[in-house]
Amino acid sequence: DSVPCHWVELEVIKALYARDERIGVGMEMFQRPFQKEIDRYFRGEMDEESFLKASEYKQRWGFDWSLYRPIVEFCRKNGVPLAALNAPRELTRKISKGGYASLTDDERNQLGDIDFQVKEHRDWWYERLPKMHGQKDATPEQKERGYEVMTAWDDYMAASAAAFQRDRNVRRMVVLAGSGHVERGFGIPLRAARRSGGKAATITVVPGGDMEKLAAD
């Protein structure tokens with residue numbers, strides 16, 4: 001919910017677009033099954049209010065729309081294709097409650113390939129996630145379910161970005177996602193690059209903070 005963070009995101013998009021218009025933008029804030037609503041809005045087939053309702057933005061993301069509106073409008077007005085990256089909430093919630101094993105074959109097919117065995121990713125998140133969510137005494141089962149949800153998000157959004165880049169024939173994808181999905185590269189960035197055969201660079205926006213610590217990280 002940081003206005004400066006989203007301002008920087010827009011400036012990065014504008015700068016890349018000025019160098020090469022063949023870019024696409026992917027957003028965690030929209031779930032992939034609603035891609036057709038984004039495309040319809042960009043074609044002028046519905047107004048903004050109808051678009052937000054049709055994409056179920058308020059229920060599925062819910063942060064103040066004004067945070068993201070300038071980014072979406074820049075893309076819409078300049079013909080920059082916009083991708084809905086995120087996994088359907090119904091699937092991630094089911095994993096959270098019953099683990100990946102609780103999914104049906106059809107639900108697993110919807111998610112696509114998920115790699116739960118990236119050692120650096122698992123080592124970094126397995127213990128951290130429950131603490132971040134206030135679960136100081138999380139059981140191994142709760143830790144595993146939390147890790148499975150995080151990994152499903154990362155691999156699904158990576159797959160969304162790589163497929164969109166290919167299908168829309170864009171040279172670069174700018175992915176806007178929470179820092180947890182981006183930091184250290186082993187979430188979305190490297191998983192997307194592996195699928196696309198390209199390279200990934202990450203930018204983390206930190207308002208204020210300890211510059212020495214940031215540099216060390």
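**Exercise 1. Work out how much space the second largest pocket holds and what lines it.**

Step 1: The second largest pocket of this predicted model has a volume of about 700 Å³. Here a pocket is an open set of points on a 1 Å grid over the protein atoms alone, where a 1.4 Å probe fits, with protein on both sides within 12 Å along at least five of seven lines. The volume is the space filled by probe spheres set on the points, which are joined across faces, edges and corners.

Step 2: Now for the walls. There are 28 lining residues, and Ser96, His133, Val149, Met150 and Trp153 are the closest to the centre; a lining residue has an atom within 4 Å of a point.

Step 3: Sort those residues by kind, and you get eleven nonpolar, eleven polar and six charged. Nonpolar covers Ala, Val, Leu, Ile, Met, Phe, Trp, Tyr, Cys and Pro, charged covers Asp, Glu, Lys and Arg, and polar covers the others, Gly among them.

Step 4: H10 gives the most to this lining, with seven residues. Helices (H or I, at least four residues) and strands (E, at least two) are DSSP runs, numbered from the N terminus.

Two ground rules: residues are numbered from 1 along each chain as its sequence is written. Local features need pLDDT of at least 70 and side-chain atom pairs 80 or more, totals for chains, interfaces and linings use all residues, and side-chain values use heavy atoms, without hydrogens and water.

**Exercise 2. Do the same for the largest pocket.**

Step 1: Its space comes to about 1,200 Å³.

Step 2: Of its 40 lining residues, Val174, Val175, Leu176, Val182 and Ile203 sit closest to the centre.

Step 3: By kind, the lining has 24 nonpolar, ten polar and six charged residues.

Step 4: H1 supplies the largest share, six residues.

**Exercise 3. Find where Lys14 lies and describe how H1 packs with H5.**

Step 1: Lys14 belongs to helix H1. Is Lys14 buried, partly exposed or exposed? Its relative accessibility is 35%, so Lys14 counts as partly exposed (buried is under 20% relative accessible area, exposed over 50%, partly exposed in between; 1.4 Å probe, protein chains only).

Step 2: Lys14 and Ile71 are 57 residues apart along the chain, with 9.4 Å between their C-alpha atoms.

Step 3: The axes of H1 and H5 (residues 69–78) come within 9 Å and cross at roughly 20°. Axes are lines fitted to C-alpha atoms over the stretch in contact, with angles from 0 to 180 degrees between N-to-C directions. That makes H1 roughly parallel to H5 (angles under 35 degrees).

Note on methods: Angles under 35 degrees count as roughly parallel, over 145 as roughly antiparallel, 65 to 115 as roughly perpendicular and the rest as oblique.
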